[in-house]
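Welcome! Please look through the model below, then try the exercises that follow, each with a worked solution.

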Amino acid sequence: MSNKNAHAVEHSGTDYMLLGKILVLLMFFTFATITITELDFGTLTLTVALLIAGVKSYFVIAYFMHLKHEGLLLKILVISVFILYILIVLITLIDYYYR
Amino acid sequence: MSNGVGKVEYVSYLEHKGKYTGIMSWLTTMDHKRISLMYMYGVMTFFFVGVVLGLTMKVEHLTPGETIMKAQTYNGVFTVHGIIMIFMVVIPGLSAVFGNFFLPILIGGKDVSFPKLNLFSWYLYITGSILAVVSQFMKAGPPDSGWTFYAPYSSSTGTSVIMATTAAFILGFSSILTGLNFIVTVHRMRAPGMKFFNMPLFPWSLYATAWIQLLATPVIGITLVMLIAERLFKIGFFDPALGGDPILFQHLFWIYSHPAVYVMILPAMGAITEIIPTFCQKKIYGYKAIALSSLAIAGVGFLVWGHHMYTSGMSENARWFFSLLTFIVAVPSAIKVFNWILTMYKGSIDLKPPFLYALSFIFLFIIGGTTGLLLGSVATNVQVHDTAFVVAHFHYIIFGGMGFAFFAAIHYWLPKMYGRMYNIKIANIAAVINFIGFNILYFPQFVIGMQGMPRRYYDYPAEFQPAQIFSSIGGFILAFGLVMMVWNLVKGARSGEKAPDNPWGGSTLEWTLPSPPSLENFDEAPVIKENPYDYK
Ligand code: HEM
């Protein structure tokens, strides 16, 4: 299943051009993360920062860590981890917003 | 070495000659079975250090006021006792010891996925443990914050908190790497034909545990680094005097430490699930429900951490929300208990030591679990928070649950691990002594806790003395039983009678191997049964 797909990627050769483009994109987002600290989004500051971090993680996991070429099971597992992480942050915020 | 072709001459993993001999053959081994034994020797040694510290506290409790130690010494002793028992005994306990030995075997594999990483995890475990023990002898005095390291006290006390937290950080890495190793092992090392739902239930529980280790442990890692940064560089994360929020520490601490409770208990439940069908010679009742309830516990267990913080000043809405989630997490645990009992129903029960410990586990776990519900409800929690009631509750869960499951597992698998058998009669007597001693030690703590005896105090009002003395006597009965048990096991492992390959009539893969197994476990591809608990 997933092994086969991973091998398929190896055989077809890694697309360095694509990885290069993603690297540039990631650098852009890093720059954006720093820039937004200067802007005042009020209570949304945290949300915006986490959104940018989330998009960056997506690119790293999907392309650099090859999740895009893995089987469905691993994709579900990784997505579940993100859902869990979001839940943990949201539940913590219940305390902070209502305190 | 076997390459899967032809018959290979049997040499047990204990006698296998590698590049090195003697102690070096152990310190450089990458065999999951030897690494498991090395973990076991570490865990058992630290367990006894922890027990001695526990007993000194029980001696202190024999009279009100100072008996053998001052208040500050008591603070140090309960902190060190807690750190040792949690980070060095129960977290690595079942998963690193029995998980390492039996996970690959139960799924028909030759080893874990990353043997070198496995050995590295053990070195991290030993390094962290040594650091934790050394922190007790530093000039600044032993850490006195409790094993919970609550800020802002921990960021301001003059005792050696930094060393203890560094130790916990290193121990955490050991746990993360073991978790990672086990997840990959379950995904990649299963024998052909071993699908997820053909796996025995111990691997299922280890798999769920491994996810918690991998995802939750980094949270405590970073929290402890933040604490150290606050102490060293005065960065205000948690200390209100520096602009920090102490409740944030508690959130971060329990986001790890509550799931960590499931790191302790899930593999314990897994081991019990292996033992019960064997000693009832009956198929496990509700295989899928037990397998999936492990995942459910791991998942929901991540979301209930706030029940440790009802009295910390958290918002009212968060309190009822956490209380609700806490009641939900009890459901999958109860599913397991019902399934165990239904497995026993009409089984041909054989009261051997592993089964006696398994029964004790169920009894003690039910008491720990139901008192947990009492603590999970906000209204009752605020009455008994930080009292001896909590001390009794968590000892019933971690010691009565995980500790007794560890004893069950060692009595179950020792013949396979060493190829020798211990004295069954002595083991049975020790099991009964341990059970009685345990209840005498901890049950009175529920009662005096409800009457207002606070936890973490060396002193108490005179009215609690009879119960404290009763409890301390229980501590010594228990200690006697533990020494008897370990002496019998050590004697059995060294010079006991030769054990047959399948002494208990078990149906899972480890019992198809010779005792002790060979280096690569399976010389031929194992036959995978549709249901691992098929006793026909
Ligand atoms: C003979 C065995 C044991 C005895 C006599 C014992 C006794 C005690 C006592 C007297 C306390 C302090 C209560 C207080 O003043 O708050 C304590 C705390 C604690 N014990 Fe044990 N215990 C034993 C075994 C264990 C085991 C096996 C575990 C875990 C696996 C464990 C985990 C803890 C923890 C986490 C604490 C809390 C420390 C803190 O408050 O920071 N104990 N124990």
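## Exercise 1: The largest cavity

The largest cavity has a lining made up of B:Tyr39, B:Phe87, B:Ile91, B:Pro92, B:Ser95, B:Ala96, B:Tyr125, B:Leu171, B:Ser174, B:Ser175, B:Thr178 and B:Gln213. Keep in mind that this is a predicted model.

**Task.** Find which elements give two or more residues to the lining of the largest cavity, and how the lining residues divide into nonpolar, polar and charged.

**Solution.**
- Step 1: H3 and H6 of chain B are the elements that contribute two or more residues to this lining.
- Step 2: H3(B) gives the most, with five residues.
- Step 3: Sorted by class, the lining has seven nonpolar and five polar residues, and no charged ones.
- Step 4: The space enclosed here is about 80 Å³.

## Exercise 2: The second largest cavity

**Task.** The structure holds two cavities of 30 Å³ or more. Which residues line the second largest cavity, and which element provides the largest share of the lining?

**Solution.**
- Step 1: Lining the second largest cavity are B:Phe87, B:Ile91, B:Ala168, B:Leu171, B:Gly172, B:Ser175, B:Thr217 and B:Tyr256.
- Step 2: Two or more of these residues come from each of H3 and H6 of chain B.
- Step 3: H6(B) has the largest share, four residues.
- Step 4: The classes are five nonpolar, three polar and no charged.
- Step 5: The volume of the second largest cavity is about 40 Å³.

## Exercise 3: The second largest pocket

**Task.** Work out which helices each supply at least two residues of the lining of the second largest pocket, and which residues lie nearest its centre.

**Solution.**
- Step 1: From chain A come helix H3 (45–64) and helix H4 (72–98); from chain B come helix H6 (161–188), helix H7 (201–233) and helix H8 (246–280).
- Step 2: H4(A) gives the most to this lining, 15 residues.
- Step 3: The lining has 47 residues, with A:Ile61, A:Val81, A:Phe82, A:Tyr85 and B:Leu215 nearest the centre of the pocket.
- Step 4: By class there are 37 nonpolar, eight polar and two charged residues.
- Step 5: This pocket holds about 1,700 Å³ of space.

## Exercise 4: The iron atom

**Task.** Which residues coordinate the iron atom of the ligand, and why is the arrangement octahedral?

**Solution.**
- Step 1: B:His81 and B:His395 coordinate the iron atom, each through NE2, at 2.0 to 2.1 Å.
- Step 2: B:His81 sits in helix H3 (residues 71–106) of chain B and B:His395 in helix H13 (residues 388–418) of chain B, so the pair ties together parts 314 residues apart in sequence.
- Step 3: The arrangement is octahedral because the six donor atoms around the iron atom subtend angles of 86 to 179 degrees.
- Step 4: For comparison, ideal angles for six octahedral donors are 90 or 180 degrees.
- Step 5: Both B:His81 and B:His395 are buried.

## Exercise 5: Chain B as a whole

**Task.** What radius of gyration would a compact globule with 536 residues have, and what is the value for chain B?

**Solution.**
- Step 1: A compact globule with 536 residues would have a radius of gyration near 24 Å.
- Step 2: Chain B has 23 Å, which agrees.
- Step 3: The C-alpha trace of chain B spans about 70 × 50 × 45 Å along its principal axes.
- Step 4: Of the 536 residues in chain B, 62% are buried.
- Step 5: Chain B contains 15 helices and two strands.

Terms used:
Residues are numbered from 1 along each chain as its sequence is written. Chains are lettered from A and ligands numbered from 1 in the order in which they are written. This is a predicted model: local features need pLDDT of at least 70, side-chain atom pairs count only at pLDDT 80 or more; totals for chains, interfaces and linings use all residues. Side-chain values use heavy atoms; hydrogens and water are left out. On a 1 Å grid over the protein atoms alone, a cavity is a set of points where a 1.4 Å probe fits but cannot get out, and a pocket is an open set with protein on both sides within 12 Å along at least five of seven lines; lining residues have an atom within 4 Å of a point. Grid points are joined across faces, edges and corners, and a volume is the space filled by probe spheres set on the points. Ala, Val, Leu, Ile, Met, Phe, Trp, Tyr, Cys and Pro count as nonpolar, Asp, Glu, Lys and Arg as charged, and the others, Gly among them, as polar. Donors are N, O and S atoms within 2.8 Å of the metal (3.2 Å for Na, K and Ca); water is not among the atoms, so sites may look incomplete. Four donors count as tetrahedral if all angles lie between 85 and 135 degrees; four count as square planar and six as octahedral if opposite donors are over 155 degrees apart and all others between 65 and 115; anything else is irregular. Buried means under 20% relative accessible area, exposed over 50%, partly exposed in between (1.4 Å probe, protein chains only). The radius of gyration is taken over C-alpha atoms; the globule rule is 2.2 Å times the number of residues to the power 0.38.
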